[in-house]
Amino acid sequence: MGAAPSSPGHSEKRPAETAEYLVGTFVGEKSFPLGSDFWQKLLELPLHLRWPADRVREACQLFAQNNSCTRHLAKILIHLAQCLQECMSVSGAPLAAYVKASNAAYISSVFLKHLIENAQSNSVEELYLSLNASEPIPPDFVVDQNVEHLVMHNVLKFIGLVDVSPNTCSLHQELLNFLFVALSTQLLYAPTPGPTDMNPFIDAVMTQESSLVTMVVHRLLLNYIMRPRIALNVGTYPPFGEAGQPGVLQRVGSAAANLVLLPFNYLVSSNGQGVRNPLAECSLHVLLILNYYRKCNPGDESITDTSDDSGTSDSFSKSFVENPYCKALENMRDIDHIEKNAHNPSVVRLPFASLFDTLGMCLTDETAALLLYTLLNGNSDFLEYVLVRTDVDTLLMPILETLYNTSRRSSNHIYILLIILLILSQDSSFNASIHKMILASVPWYQEHLLHQTSLGSLMVIILIRTVKYNLSKLKDLYLHTTCLATLANMAPHVHRLSAYASQRLVSLFYMLSRKYNKLAERIDEKRGKGGLVEENDLALDMSAELHIYADFLRIVLEILNAILTYALPRNPEVVYAIMHRQEVFQPFKSHPRFNELIENIFLVLDHFNSRIDAQKEDGEWSVEKVLQLIISICRSWRGEGMKMFTQLHFSYEQESHPEEFFAPYIWRLTFSQCGYTFDPSAIILFPPDLPLVEGEEGEQTTRHENGELKHHDVLLDV
């Protein structure tokens, strides 16, 4: 190939119709005009010929060398747009039209990806997306806009307009693959884009008319909900070649340009729910990539600070162009909800019931969790729909099971699920309803037999278990805060908390108190006789950590106070658990930071202890007898003397620059789940040496409306 004597582009021994000759000619030095019949022959290839990996790599390199003169990338993209237009121009286009479009999309993907991966400068000119001024334009081509806008418009239009069918499903899949490639210029830059970043294709996607954006978002979500199956016999080439060997351009993709054709059979998820579907999964990934893209306003060059030596910019000084895909998701409405302007073409309308059921089926998957978070955080209608569902366990059970298996999940997945629970816990009706839903059993919970346990009790158990796991393994402050904030929101609405959940709650206070006391003792030792702590980094870290544990202890005490103040008669098991471990509260009775919160606990203890002691009982007290007596005393409880505290209420607030967390996260998921790869040495979006399914820690914050708990930018060292 290339300069080699045996290259298919220069050998006279091979017929012009062979795939090797045509692809070799495509990457060679000769430029073929748009109207040449060469393009039709190339796009009608059966693609069965195999090439060794080194020759394919050479093909990509040769294409990169010659594209500036031949402009074959721009031409193949124009032909892709033209093929798609042909497919949309008539109802029920012939299969050959879809075959040509699929080939055009695939060939474009392979060589465009190589150019993006090996970009040498921050300039769109390096892709040579324009035609030479002398290029003859055939009469049937209308090139009145730049190539990237033309091709992206037709790709999106086909996806939005054309239904998925046996004839079109392969092309739909190929266009999603092409979108991954075209949007991957994001990988070459930091998460928050700068004014000069080169993202020609995704910027073109962002400038499409609102009606097209609506259709695309609708189609991508519909693909995810309907999960259409792709027929294996559709297309001009099989997904895998004979004897496991890929076809010529599959070889180009996997061996040279690292583009892997998506497999057509995904594994069933770990719990047997939700058979994964390539078209559905890729549709969701593309949607999330589009949703979290930010385009910097062109006028921000003057306010961007690039004075530091690292050359990084102050992302917080930038303003961004409105993202139409994000807006479309936020404004999405339930197709079954009748309202004014129900036929507004600029509003995405989907069956929320089907979306709810699909998410419940697939929530063990990270991308499904990310979609649920995106909708709950951004779409008030969908959040309201979820909150009024009487079967919210459809979503909660897979979330809680995933949190139970924290050690086998990425930290980002855990964060997203915890935020979902926090968002839901902001609603009082949700907190009340989950305690009325009784679970016959929880077979995946191994530490204790959970029989006839309420969904609310299970949620308390799992959140506390997550905190304990985090204390011993992850040691992440944000995770602690989110778990405790959710428990605090739930506390005033707790109803008949189970014995096991009540014991776990008191045990959580004991565990945190031990950590707090040990840290306080270490600080006291360092003070020594002089009573002063040396002001070094270690001392400052220890002091900050002590303050954090004090905050956590206060929240747990406030959780207990909220239950005792607002829901004691309905929670005898909580009273029993506190009485059973009352000694763990004693050391904090006179502590100036906690004494006011401890007072209510001891008021309850004194009340119940005195009444139990007054009962004459022959022999030893049994657990059942004590509990029955507590239940009886609870009925007459009036709460005299209890100090009333303002109910805690924590709310989730997304950071002003969510793309800094979500853009790297989504692309890592795309790599791990969609078979798409990229040269690690070219990635700037995130450190390429990190695992692709693990992202940086999120910078979302939890805001406490009472102002007690503040955000700490430190990790606990425990």
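These are my notebook entries on the salt bridges I looked up in this structure, which is a predicted model.

Entry one, the overall count. I began by asking how many salt bridges there are by this rule. The count comes to 16 salt bridges, and I then followed three pairs through the chain.

Entry two, E86 and K100. I found that the side chains of E86 and K100 form a salt bridge, with 3.8 Å from N to O. This pair ties together distant parts of the chain, since E86 sits in helix 4 (residues 72-89) and K100 in helix 5 (residues 95-117), 14 residues apart. I checked accessibility for both partners: E86 is partly exposed at 36% relative accessibility, whereas K100 is buried, with a relative accessible area of 11%.

Entry three, R227 and E281. Here I noted a salt bridge in which the closest N and O atoms lie 2.9 Å apart. R227 belongs to the loop between helix 9 (210-226) and helix 10 (248-256), while E281 is in helix 11 (residues 278-291), so that the pair links distant parts of the chain, 54 residues apart. R227 is buried at 10% relative accessible area, and E281 also counts as buried, at 2% relative accessibility.

Entry four, R389 and D391. I recorded a salt bridge between these two side chains, at 2.8 Å from N to O. Is R389 buried or exposed? I found R389 buried, with a relative accessible area of 18%, which falls under the 20% cut-off, whereas D391 is partly exposed at 24%. Following the shared partners further, I saw that salt bridges join D357, R389 and D391 into one network.

Notes. Residues numbered from 1 in each chain as written. Predicted model: local features only at pLDDT ≥ 70, side-chain atom pairs only at ≥ 80, totals over all residues. Heavy atoms only, no water. Helix = DSSP H or I, 4+ residues; strand = E, 2+ residues; numbered from the N terminus. Buried < 20%, exposed > 50% of the residue type's maximum accessible area, 1.4 Å probe, protein only.
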